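Work through the exercises below with the sequence and the structure at hand. Each task is followed by a solution in steps.

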Number of protein chains: 2
Amino acid sequence: MSASLSASSSVGIVRPQTIAFDQPFTLQNGETLPRFDLMIETYGQLNAAGSNAVLICHALSGNHHVAGRHSAEDKYAGWWDNMVGPGKPIDTDKFFVVGLNNLGGCHGSSGPLSIHPHSGKAYGADFPIVTVKDWVRTQAMLADVLGIATWAAVVGGSLGGMQALQWAMDFPERIRHALVIAAAPKLSTQNIAFNDVARQAILTDPDFHGGFYAEHGTSPKRGLRIARMMGHITYLAEDGLGEKFGRDLKNKDYRFDFDVDFEVESYLRYQGDKFADAFDANTYLLMTKALDYFDPAREHDNNLQAALAHVRAKFFVASFSSDWRFSPARSQEIVRALIRAEKNVQYAEIESSFGHDAFLMEDAAYIDAMRVYLRNIEV
Amino acid sequence: MSASLSASSSVGIVRPQTIAFDQPFTLQNGETLPRFDLMIETYGQLNAAGSNAVLICHALSGNHHVAGRHSAEDKYAGWWDNMVGPGKPIDTDKFFVVGLNNLGGCHGSSGPLSIHPHSGKAYGADFPIVTVKDWVRTQAMLADVLGIATWAAVVGGSLGGMQALQWAMDFPERIRHALVIAAAPKLSTQNIAFNDVARQAILTDPDFHGGFYAEHGTSPKRGLRIARMMGHITYLAEDGLGEKFGRDLKNKDYRFDFDVDFEVESYLRYQGDKFADAFDANTYLLMTKALDYFDPAREHDNNLQAALAHVRAKFFVASFSSDWRFSPARSQEIVRALIRAEKNVQYAEIESSFGHDAFLMEDAAYIDAMRVYLRNIEV
């Protein structure tokens, strides 16, 4: 029965762990962290050859908790539980899967919420701006600790896909496959514009206090809420939004005030509230900057093909028809550059009405494309 | 010479005037204004038959100042000066052109900034929510005052186009031509979602004070600025934004902080600041609600064709290829419903990279299409 199959295909109860890096780490912007932690989770077993490791890179608001639950009572599974587990596309019977919270995050890895080892106070706005390149370097250090010389695959959607792409460029000998999903080789002008409005909403919130809100006993929840509401619109497609909410009213008729008239308003406000309660504003700011700055072709005269010249990984690139944040055209830029650079690439364009968020959704064509690609990876 | 031709084709120095309506006016939401003013401008001369009058309806942030300048030193011409003037598409040698600030506006017509005649205090948040239908009724009252039995044409872009459409439905005998540009028969779910985020930015600004910010000596500029920055992105197309700004940096390299890195950020923040200094937040809230509520088919079982059954005006409908706020598909909905209702409609889909804002831009194909249509209107 599919219900019990589905139940048995969970990685089960999982436990995050902190990996400490007690050495200075100099970032791309020139600043040096005296030390840092990465919060991780792993699923499955590393084989004797160390050849079956898969790294999962997260997007803007993701973290290390990719699959399973933290307790039997845990209401929610990890953010990619439909993709990672025994018998699932990223099959934990075959692969040793590693999820981490990126440096600068707010879920256990060193970030703005962490205590600075010298001052004894939380970093707050003093935590440096990190880049995709920085993340990949910390992930390579993590691989060293875990005894992983070469990843069988590095996998990510959105900002996570950018990390997979950067991995292939920065450590060509240490990654065999890069799975780049719903990503882009760099943000468009419009992408940057939306990010800056989101940041301005946070930065101008009177409760932001220059990023040292914790010291003031406040939190810029208003700004973070607005940022998330706006972001959420860009993650969804008009098709999906229209199918789900249309112009449905919460009440029988128009209210003629500014409370909730339309169901979509109620949904967005709820999403904004939930996020503002759970996420750190400084981390949100950092993550959007990492997105804006990502542009690997920049160091190569804006020639992406040149940036990919030394890549050795094979690529799986996927996009979703209704994704207007990182549209299929943006994934095709990656695919074309890979082909011009004479690299191995498989491309899947998935029909979906879920917009950018489709990379997190259950979709048969998507799941199958991932499953087949990953099944063909030798370990 | 075209330069001097262009200079000579201005309506010149113009003077706004206030038209007082000293009688109670009951709005669609059931509330009654004891009286109201409309601020207007007119260009050209009404002919003896009163058959050459054209009404210009404005969009979200527009007003009565459509063409010309208020003084010889005036730095800026009216918002549609490229369209309205002697020899221009809306030719003031032929037409008597009327621009007005809509009820609820902040440029001289009665609105939240106006003094309530009974309380002696500014309305603020007590000004009622007005609808497109309400506006059309006040515009019909204005026509009575001006001695205009029937408009030769009612013209508008975006929210202005919705007013032209509503005119044709509500006063079929009083409008001969409706020019509906870059509009939609109702907002999409995504449109409403963006409007609600804009409103939430304003409503949750600590300086909003429930809409009575004037009494507190404040103004919710932070929220209004964020609303406008976000709105501005939706008025522009990725094509145009990309052509204009790309990923151009303000400085030589990334800053690694939250000041302006990219030129597009500088542009958007400037637009936001300018707007927040000049526009009233309560009016902004009202205008977005008028957009959300516009849905003439709603009273006809969501059948737009039925809503248009009694229309007698001829239609000119125009859309712009890169407009993703009100895409060509939305204009085509209007066109199809008009055709099904056996009405006269001419449709122009203009190739443009300017997005929704294209309706305000100089574009030869657009200007020509308008010119030809308006030239063929008999007066």
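**Exercise 1.** Leaving aside its neighbours within four places in sequence, which residues is B:Ala164 in contact with?

Solution. The model is a predicted one.
- Step 1: locate the residue. B:Ala164 belongs to helix H3 of chain B.
- Step 2: list the contacts. Beyond four places in sequence, B:Ala164 contacts B:Val154, B:Gly156, B:Ile175, B:Ala178, B:Leu179 and B:Val180.
- Step 3: take one partner. B:Val154 is 10 residues from B:Ala164 along the chain, and their C-alpha atoms are 5.3 Å apart.
- Step 4: assign the burial class. The relative accessible area of B:Ala164 is 0%, so the residue is buried.

**Exercise 2.** Place B:Ser158 and A:His209, give the sign of phi for each, and assign their burial classes.

Solution.
- Step 1: B:Ser158 sits in the loop between strand E9 (153-157) and helix H3 (159-170) of chain B.
- Step 2: phi of B:Ser158 is positive, about 60°, although the residue is not a glycine.
- Step 3: with a relative accessible area of 8%, B:Ser158 falls under the 20% limit and is therefore buried.
- Step 4: A:His209 is in the loop between H4 and helix H5 (221-235) of chain A. Its phi is near 50°, again a positive value in a residue other than glycine.
- Step 5: the relative accessibility of A:His209 is 33%, so A:His209 counts as partly exposed.

**Exercise 3.** Is A:His64 buried or exposed, and what does A:His64 touch? Treat B:Glu73 in the same manner as to place and burial.

Solution.
- Step 1: the loop between strand E5 (53-57) and strand E6 (84-85) of chain A holds A:His64.
- Step 2: A:His64 has 6% relative accessibility and so counts as buried.
- Step 3: not counting residues up to four places away in sequence, A:His64 touches A:Pro16, A:Met39, A:Ile40, A:Glu41, A:Tyr43, A:Gly99, A:Leu100, A:Asn101 and A:His107.
- Step 4: B:Glu73 lies in the loop between strand E5 (53-57) and strand E6 (84-85) of chain B. Its relative accessible area is 68%, over the 50% limit, so B:Glu73 is exposed.
- Step 5: B:Tyr347 is 274 residues from B:Glu73 along the chain, and 39 Å separates their C-alpha atoms.

**Exercise 4.** Describe the packing of helix H4 of chain A on helix H5 of chain B.

Solution.
- Step 1: H4 (residues 189-203) of chain A and H5 (residues 221-235) of chain B have axes 10 Å apart, at an angle of about 170°.
- Step 2: the angle is over 145°, so H4(A) is roughly antiparallel to H5(B).
- Step 3: H4(A) contributes A:Gln190, A:Ala193, A:Phe194, A:Asp196, A:Val197, A:Gln200 and A:Ala201, while H5(B) contributes B:Arg225, B:Ile226, B:Met229, B:Met230 and B:Ile233.
- Step 4: sorted by class, this contact has eight nonpolar, two polar and two charged residues.

**Exercise 5.** How many salt bridges are counted between chain B and chain A, and what area do the two chains bury between them?

Solution.
- Step 1: 55 residues of chain B and 56 residues of chain A take part in the contact.
- Step 2: the buried area is about 4900 Å², with 65% of it on carbon and sulfur atoms.
- Step 3: on the chain B side, B:Arg247, B:Phe256 and B:Phe258 lose the most area to chain A, together 16% of what that side buries.
- Step 4: the count is 12 salt bridges between the two chains. A salt bridge also joins the side chains of B:Asp261 and A:Lys289, at 2.7 Å from N to O.

Technical notes
Residues numbered from 1 in each chain as written. Chains lettered and ligands numbered in written order. Predicted model: local features only at pLDDT ≥ 70, side-chain atom pairs only at ≥ 80, totals over all residues. Heavy atoms only, no water. Axes fitted to C-alpha atoms, helices over the stretch in contact; angles between N-to-C directions. Helix = DSSP H or I, 4+ residues; strand = E, 2+ residues; numbered from the N terminus. Parallel < 35°, antiparallel > 145°, perpendicular 65-115°, else oblique. Contact = heavy atoms within 4.5 Å. Nonpolar A, V, L, I, M, F, W, Y, C, P; charged D, E, K, R; others polar. Buried < 20%, exposed > 50% of the residue type's maximum accessible area, 1.4 Å probe, protein only. Buried area = accessible area lost by both parts, 1.4 Å probe. Salt bridge = Lys/Arg side-chain N within 4 Å of Asp/Glu carboxyl O.
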